[in-house]
Amino acid sequence: MNTVEQMRVNAPPAHDIASLESRVSAEEWKLRVDLAATYRLVALHGWDDMIFTHISARIPGPEHHFLINPYGLLFDEITASSLVKIDLEGQKVEDSPYPVNPAGFTIHSALHMNRDDAHCIIHVHTTDGVAVSAQADGLLPIDQHAMLIIGDIAYHDFEGVALDLDERERLVHDIGDKHLMILRNHGTLAIGKSCADAFLRMYYLERSCSMQVRALSGGVKLNWPNQGVPEKTAGQGAYAFDGMIGGLAWPALLRKLDRVDPSYKN
């Protein structure tokens, strides 16, 4: 029986999974709730790609374990207890009725292994994000959202579906010390010290891509900012995403989720 068949037979709906709250540390449980919330928020903003792409979070401790989505669940189904704990090779380290997609962890493991600040990594395939990734000039400094983050964006050329582990070295080299990456002809990526920071970075990147797609589709001449303004704005945004904006917006985002569907906390 292959993995897909096993999942069809064995995997229960996420809402039937027994809560892990009493079986894990308080620190891990908080991380599980935040990561499940991140999956739900990505779905709420329309950034999900059915069951594909991943958001991962590093569990504090020397084991280098991570939480990732149960493969086969939609992002708006994911709960704190259904998240799967894996190692750096993408293999499960605790029993779970759900499979994981080790190949999908290639990009995430590369950054978790080599960036101490990569506690949460979000990777998505949105229509506008992929559209900008396919444009030769990448993200343009044509709006405030883009200018705030443009100094923190790296680029990585497409090498095919990320199945080869040797691509990890090139991913790490290309991202350097940046927190955002445009994966050419593929999608977007954000890292943060927390789920909140990673989500807010991705929010600004995805908004920038959408604004660029709309501006370029208008068929009129673009209004470029005055010389020096993009650099000034990038400097203003350099530290805003490292705890400040996320800390302000995250509680409000969780309240919104609670109004929509609080089951992510299960």
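Is Asp34 buried or exposed? Keep that in mind as you open the viewer; the model you are looking at is a predicted one.

**Stop 1: Asp34 and its partner**

Select Asp34 and colour it. Asp34 is buried, because its relative accessible area is 13%, and buried means under 20%. Now add Lys30 to the selection. The side chains of these two residues form a salt bridge, with 2.9 Å from N to O. Both residues belong to helix H2, which spans residues 26–44. They sit four residues apart, about one turn of the helix. Lys30 is exposed, with a relative accessible area of 54%, so this bridge joins an exposed residue to a buried one.

**Stop 2: where H2 meets H9**

Stay with H2 and bring up helix H9, residues 240–260. The axes of the two helices come within 11 Å and cross at roughly 75°. H2 is therefore roughly perpendicular to H9. To see the contact, select Asp34, Ala37, Thr38, Arg40, Leu41 and Leu44 on the H2 side. On the H9 side, pick Trp250, Leu253, Leu254, Lys256 and Leu257. Notice that Asp34 turns up again here, as one of the H2 residues in this contact. Sorted by class, the contact of H2 with H9 has seven nonpolar, one polar and three charged residues.

**Stop 3: a second helix pair**

Next, select helix H3, residues 106–114, together with helix H6, residues 167–175. What angle do H3 and H6 make where they pack? The angle is about 60°, and the axes are 9 Å apart. H3 and H6 are therefore oblique to each other. Turn the view and you can follow the right-handed crossing as H3 passes H6. From H3, the contact uses Thr106, Ile107, Ser109, Ala110, Leu111, Met113 and Asn114. From H6, the contributors are Arg168, Leu171, Val172 and Ile175. In the contact of H3 with H6, seven residues are nonpolar, three are polar and one is charged.

**Stop 4: more salt bridges**

How many salt bridges does a search of the whole structure find? The search finds ten, and a few of them are worth a visit.

Begin with Arg170 and Glu159, whose closest N and O atoms are 2.8 Å apart in a salt bridge. Arg170 is in helix H6 and Glu159 is in the loop between E5 and H6, so the bridge ties together parts that are eleven residues apart in sequence. Colour by accessibility, and Arg170 should read as partly exposed, at 35% relative accessible area. Glu159 also counts as partly exposed, with 35% relative accessibility.

Then select Arg201 and Asp152, which meet through their side chains in a salt bridge of 3.9 Å, N to O. This pair links distant parts of the chain, 49 residues apart. Arg201 belongs to helix H7, residues 195–217, while Asp152 lies in the loop between helix H5 (144–149) and strand E5 (153–156). Arg201 counts as buried, at 2% relative accessibility.

Finally, show Glu28, Arg32, Lys85 and Glu94 together: a network of salt bridges links these four residues.

**Stop 5: His119 and its surroundings**

Move to His119, in the loop between H3 and strand E4 (120–124). His119 is partly exposed, with 29% relative accessibility. Which residues does His119 touch, leaving aside those up to four places away in sequence? Select Ser56, Ala57, Arg58, His112, Gly192 and Lys193 to see them. For a distance to try in the viewer, draw a line from the C-alpha atom of His119 to that of Gln135: the two are 30 Å apart, with their positions 16 residues apart along the chain.

**Stop 6: two positive phi angles**

End with the backbone. Thr53 is not a glycine, yet its phi is positive, at about 70°. Find Thr53 in the loop between H2 and strand E1 (54–58). Thr53 is buried, with a relative accessible area of 5%.

Then go on to His64, in the loop between E1 and strand E2 (66–68). Phi of His64 is also positive, near 55°, and His64 is likewise a residue other than glycine. His64 counts as partly exposed, at 41% relative accessibility.

Notes
Residues numbered from 1 in each chain as written. Predicted model: local features only at pLDDT ≥ 70, side-chain atom pairs only at ≥ 80, totals over all residues. Heavy atoms only, no water. Axes fitted to C-alpha atoms, helices over the stretch in contact; angles between N-to-C directions. Parallel < 35°, antiparallel > 145°, perpendicular 65-115°, else oblique. Left-handed = near helix turned anticlockwise from the far one by under 90°. Contact = heavy atoms within 4.5 Å. Nonpolar A, V, L, I, M, F, W, Y, C, P; charged D, E, K, R; others polar. Buried < 20%, exposed > 50% of the residue type's maximum accessible area, 1.4 Å probe, protein only.
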